Amino acid sequence: MLALVVVAHPCSDSLTHGLAARAEAGLRAAGYEVALVDLYAIGFRAAMSEEERSAYHSDQPILDPVIAEHAHLLSTASIVVFAYPTWWSGLPAILKGWIERVIVPGVGFTFDERTGKVKPGLDNITHLIGISTYGSPRTAVRLINDNGRRTIARALRMSCGLRARTRWRGLYSVDTSSASERQEFAASVERTLALL
């Protein structure tokens, strides 16, 4: 069984990277093979090119070999974990770009020619898991709709079918949290994923 962990933070020594490592350890303890994609480390280009946009609705919407590799990982994984900081109440641009460039027609969804409706393309995914840090307290995050969480837990989940479950692990008020609070949160991430 494959679990895909997608990390989006520019600093390799960040709390986000530490949380991704704990997630990976938990998944391995649960018996999963883990593929880790560190978007900044690989220099992932977030912006969709004009050529990619033109190819979007074609029979070959993926033009970049890196995107093809990530689409393959996504289409074979049963668990997908996103580890990222919430910036400006949403996903970092690099992660939003990854979603836009990888989850294209034929990967994330297909169109039913008879009804014209969208059909999920990632029904292999049983769990979508978000791990995020927030500068604001939880009540403030709820007031602004937590757009990154909504993108993953609602919009992306629609591409995974009805049996996909979502789990969320958020560390709120991270800027004023203590080292022990951050350590306990990291341990809880590992424990949660070890139980999958």
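User: Let's start with tryptophan 88: does that residue count as buried or exposed?

Analyst: The idea is to take its relative accessible area and see which class it falls in. Exposed means over 50%, so tryptophan 88, at 86% relative accessibility, counts as exposed. Keep in mind that this is a predicted model.

User: Where does tryptophan 88 sit?

Analyst: Look in the loop between strand 3 (79–85) and helix 4 (93–102). While you're there, check the backbone: tryptophan 88 has a positive phi of about 50°, although it is not a glycine.

User: Which place does asparagine 145 take, and what is its phi?

Analyst: Read it in the same two steps, place and then angle. Asparagine 145 is in the loop between helix 5 and helix 6, and its phi is near 80°, a positive value in a residue other than glycine. With a relative accessible area of 43%, asparagine 145 is partly exposed.

User: Moving on to charge, which residues form the positive surface patch?

Analyst: For a patch, list the members and then map them onto the elements. Here the members are Arg138, Arg142, Arg149, Arg150 and Arg154. Two elements give two or more residues each: helix 5 (138–143) and helix 6 (147–156).

User: Which helix gives the most to the positive patch?

Analyst: That's helix 6, with 3 residues. Arginine 149 lies in helix 6.

User: Why can arginine 149 be in a patch if it is only partly exposed?

Analyst: Patch residues need over 30% relative accessible area. Arginine 149 has 31%, so it passes that cut-off while still counting as partly exposed.

User: Now the rings. How many aromatic pairs does the structure hold?

Analyst: It holds 4. To read a pair, take the centre distance and the angle between the planes. One of them is phenylalanine 109 with phenylalanine 111, an edge-to-face pair at 5.6 Å centre to centre and 80° between the planes. Phenylalanine 109 is buried, with a relative accessible area of 13%, whereas phenylalanine 111 is partly exposed at 42%.

Another is tyrosine 134 with tyrosine 172, which is stacked: 4.5 Å centre to centre, 15° between the planes.

User: Which parts of the chain does the tyrosine pair link?

Analyst: Distant ones, 38 residues apart. Tyrosine 134 is in the loop between strand 6 (127–133) and helix 5, and tyrosine 172 is in the loop between strand 7 (165–171) and helix 7 (179–194).

User: Are tyrosine 134 and tyrosine 172 buried or exposed?

Analyst: Both are buried.

Conventions
Residues are numbered from 1 along each chain as its sequence is written. This is a predicted model: local features need pLDDT of at least 70, side-chain atom pairs count only at pLDDT 80 or more; totals for chains, interfaces and linings use all residues. Side-chain values use heavy atoms; hydrogens and water are left out. Patches are made of residues with over 30% relative accessible area and no salt bridge: like charges are joined within 9 Å, nonpolar side chains (Val, Leu, Ile, Met, Phe, Trp, Tyr) within 5 Å. Accessible areas come from the Shrake-Rupley method with a 1.4 Å probe; for residues, only the protein chains shown count as cover. A salt bridge is a side-chain nitrogen of Lys or Arg within 4 Å of a carboxyl oxygen of Asp or Glu. Lys and Arg count as positive and Asp and Glu as negative; His and the chain ends are not counted. The place of a charge is taken as NZ of Lys, CZ of Arg, CG of Asp or CD of Glu. Helices (H or I, at least four residues) and strands (E, at least two) are DSSP runs, numbered from the N terminus. Buried means under 20% relative accessible area, exposed over 50%, partly exposed in between (1.4 Å probe, protein chains only). Rings of Phe, Tyr and Trp (its six-membered ring) pair if their centres lie within 6.5 Å; planes under 30 degrees apart count as stacked, over 60 as edge-to-face and the rest as tilted.
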